[in-house]
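Biologist: I've got a new model open and I'd like to talk it through with you. Can we take it one question at a time?

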Protein chains: 2
Amino acid sequence: MTSDQTPGRPPAPDAPRTLADPGTPFAVVDGARLRRNARRLAGRARRLGVPLRQHVKTAKSVEVARIVDDAGPGPITVSTLAEAEAFADAGYTDVLYAVGIDPHKLPRVVALLRRGVSMTVLLDGVDQAAAVRDASRAAGLPIPALIEVDADGHRGGLPPGAPALVEVGRVLDAADSLAGVLVHAGESYFATTPLEQRAAADRERDAAVTAAGRLREAGLRADVVSVGSTPTAHAATDLTGVTELRAGNYVFFDLVMAGIGVCSLEDLALSVVVTVIGHRRDRGWIMTDGGWMAMSRDRGTASQAVDQGYGLVADLDGNVIPDLVMTAASQEHGTLAARDGTELPDLPLGTRLRILPNHACATAAQHRGYYVVDGGGQAAGAPVITGWWERVSGW
Amino acid sequence: MTSDQTPGRPPAPDAPRTLADPGTPFAVVDGARLRRNARRLAGRARRLGVPLRQHVKTAKSVEVARIVDDAGPGPITVSTLAEAEAFADAGYTDVLYAVGIDPHKLPRVVALLRRGVSMTVLLDGVDQAAAVRDASRAAGLPIPALIEVDADGHRGGLPPGAPALVEVGRVLDAADSLAGVLVHAGESYFATTPLEQRAAADRERDAAVTAAGRLREAGLRADVVSVGSTPTAHAATDLTGVTELRAGNYVFFDLVMAGIGVCSLEDLALSVVVTVIGHRRDRGWIMTDGGWMAMSRDRGTASQAVDQGYGLVADLDGNVIPDLVMTAASQEHGTLAARDGTELPDLPLGTRLRILPNHACATAAQHRGYYVVDGGGQAAGAPVITGWWERVSGW
């Protein structure tokens, strides 16, 4: 084995290899599923008549973003300035940083604007708006800002009827920084039926459109009316008044999204390849070398109808092994067990498996990048690796 | 702001700076606490008459390891071969890889042995032992291996009385690979009193000594009798028959360890600096830019007597703010709230705080390295940064 077989280093171009080759654990993306997920939401957005601004926070990969938006580089949403800078380096020029702005970060925002990136920030307070106004004036160029509006009490944002909304708008407008409004229906992750998800989508749209209307009534601009989350983007049927739709998780999907019916298990594009390193037959356990370092500590399905532990188990081809669950994790150990009353399959030492994660954003973050399987067929009984996609990390 | 202020890049040597300077979130280590934690366990090990083999899996930093073992480079434990390779590069030559060996990883182990590193592996099955024996013979050098023994049903290992123990020993002995036995009392993390922790330490020792004795009775060698976990290492009073003590978490400690009384809050050497980015006064929330990406999803205190949420909140100097807890996390958002019945402190936009984590191993893993504060005093009201320590990542 050569050192280039370590995850985190791209495979040597002359080394034909399969999922049986890299040292485990490592993350793998199914390119065909990724494209299908991307096409599905792109089709929805087209039918709804609203452009899609993909959120790159899940994959944090330029290659993934290029597949999702194959006419691009189009508009993107980011969760860190590190993503904004890396995607700007890759030619993306329309970037929304969708975390409430810390004034200390504004110099990096200005640097991106000076590079010609349309770099929009988010905020929900008069104090933040004043910081953006002052930084805009100091830089001699307006920093575009959206006002965060809250539809469901999930985290930040002003309620659409809050008096402060117009006040924040006026402060931004004084520096020509007011770009519009943004809503993220974060509670939609807990909406377990199509009806509830559609209701969440309607609330998200209503909050955004109401807030934009209030700004306009006050003589202010609200060109951008931005909404979205993976569940609401897949449930919305009417986005009248909305100018853009955001979603991120859907490129990979995960067990949480499958658990609320937004996707099926066959849509999950991200998994982690692990190896069987032992058996505790006295306890009904199969031990692997994939612990929480490889899967993350995310237990998003714990609060769902079916708790999937740290993940469901598939074979190396990606076929789910019925009733086998990753039930526990140490830092570098995974424990697999059969669901109550089912039999443990025979998986000898060295068997490679793919674990489907609770939460793709969290699991992907544990890895420096992804090996890709995408129509390369099989070699020596294992799926052929067709690429390596690096992730952006840090802040 | 220059790009070298991004966490993940070392500070320029000519840039005097404090915890007020780098973009948030970022991890910080308190050097004085680290040294105190290291001295405390080193003193215990000396009094117990057993050499310490520090586990570097928590900090994954050569600089931290050098402080912990200042006479070093001495013996270390690693959780990945990436750590083994990085520490070998830094001059460490006595390395124990304490995760059951995947036969596919043996070529990397052999490469380290050929570099002159005494590289020991761990296993608990006849099939693994046969793989190690065969690889030893193929390489023409014995791969030292410890047999994992289970004291408490935590994860892997053979019960000390298992017939397979001697069988595994014989297979290893055939290639001169048998080095001894190892026990990790993982359940000690759930021992909530000094008495229970001492009982766990006794069980850990007894399991190791019993297993070693069985091997010796069978005419096999068991030179190494290795035990340890942070709770048992701090509770053990008699390690007769043990040849080395392992622990890792204690270099940083965390809220889980404080929750079971192994350390106090004043011992926590790792924290994450975050910035206040907003307020939801209607809900009693302060929003920060430190979410689960910065803290990890670890909620280890959720099962303890006092649930500390995603972490306790301290000011930038590290003084805990009473009754303020990080109660929720999105990817890049943290929510702070007061404990029931207490008042929310006034923390304006831009205020920097330090969050003390549930689980140092998991939180540290979310970062590329640590800024260090260590006796540098204050400048402009914030602790002076005295260094940057990089982490090993990947596998």
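Biologist: Which residue of chain B comes closest to the rotation axis?

Modeller: Keep in mind that this is a predicted model. Two copies of a chain are related by a rotation about an axis and a shift along it. The C-alpha of one residue of chain B sits 2.4 Å from that axis, closest of the residues of that chain, and that residue is Arg297(B).

Biologist: What kind of axis relates chain B to chain A?

Modeller: Let's look at the superposition. A turn of 180° with a shift of 0.0 Å along the axis lays chain B on chain A, and the RMSD is 0.0 Å. Those values are why we call it a two-fold axis.

Biologist: What percentage of the contact residues of chain B recur in chain A?

Modeller: Start with the counts: chain A brings 55 residues to the contact, and chain B brings 55 residues. The same surface serves both copies, and the share of chain B's contact residues that recur in chain A is 100%.

Biologist: Which element gives the most to the side of chain B that touches chain A?

Modeller: Several elements of chain B give two or more residues to that side, among them β4 (94-100), α5 (126-139) and β10 (270-280). By class, the side of chain B that touches chain A has 24 polar, 17 nonpolar and 14 charged residues. The element that gives the most to it, with five residues, is β10(B).

Biologist: Now for a single chain. Which element supplies the largest share of the side of domain 1 of chain A that touches domain 2 of chain A?

Modeller: Chain A is divided into domain 1 (3-29 + 260-390) and domain 2 (51-249), and their centres, taken over C-alpha atoms, are 34 Å apart. Their contact takes 13 residues from domain 2 of chain A and eight residues from domain 1 of chain A. On the domain 1 side, α11 (360-364) and β19 (387-390) of chain A each supply at least two residues. The largest share there, three residues, comes from α11(A).

Biologist: And how does that side of domain 1 of chain A divide by class?

Modeller: We just sort the residues on the side that touches domain 2 of chain A. There is one charged residue and one polar residue, and the nonpolar residues number six.

Biologist: Last one: is Ala86(B) buried or exposed?

Modeller: Ala86(B) is found in helix α3 (residues 81-89) of chain B. A residue needs 20 or more C-beta neighbours within 10 Å to count as buried. Ala86(B) has 21 C-beta neighbours inside 10 Å, so Ala86(B) is buried.

Notes
Residues are numbered from 1 along each chain as its sequence is written. Chains are lettered from A and ligands numbered from 1 in the order in which they are written. This is a predicted model: local features need pLDDT of at least 70, side-chain atom pairs count only at pLDDT 80 or more; totals for chains, interfaces and linings use all residues. Two residues are in contact if their C-beta atoms, placed from the backbone, lie within 7 Å. Helices (H or I, at least four residues) and strands (E, at least two) are DSSP runs, numbered from the N terminus. Ala, Val, Leu, Ile, Met, Phe, Trp, Tyr, Cys and Pro count as nonpolar, Asp, Glu, Lys and Arg as charged, and the others, Gly among them, as polar. Domain bounds come from an automatic or database domain assignment. A residue is buried if 20 or more other C-beta atoms lie within 10 Å of its own, exposed if 12 or fewer, and partly exposed in between; C-beta atoms are placed from the backbone. Copies are superposed by least squares on the C-alpha atoms of residues with pLDDT of at least 70 in both.
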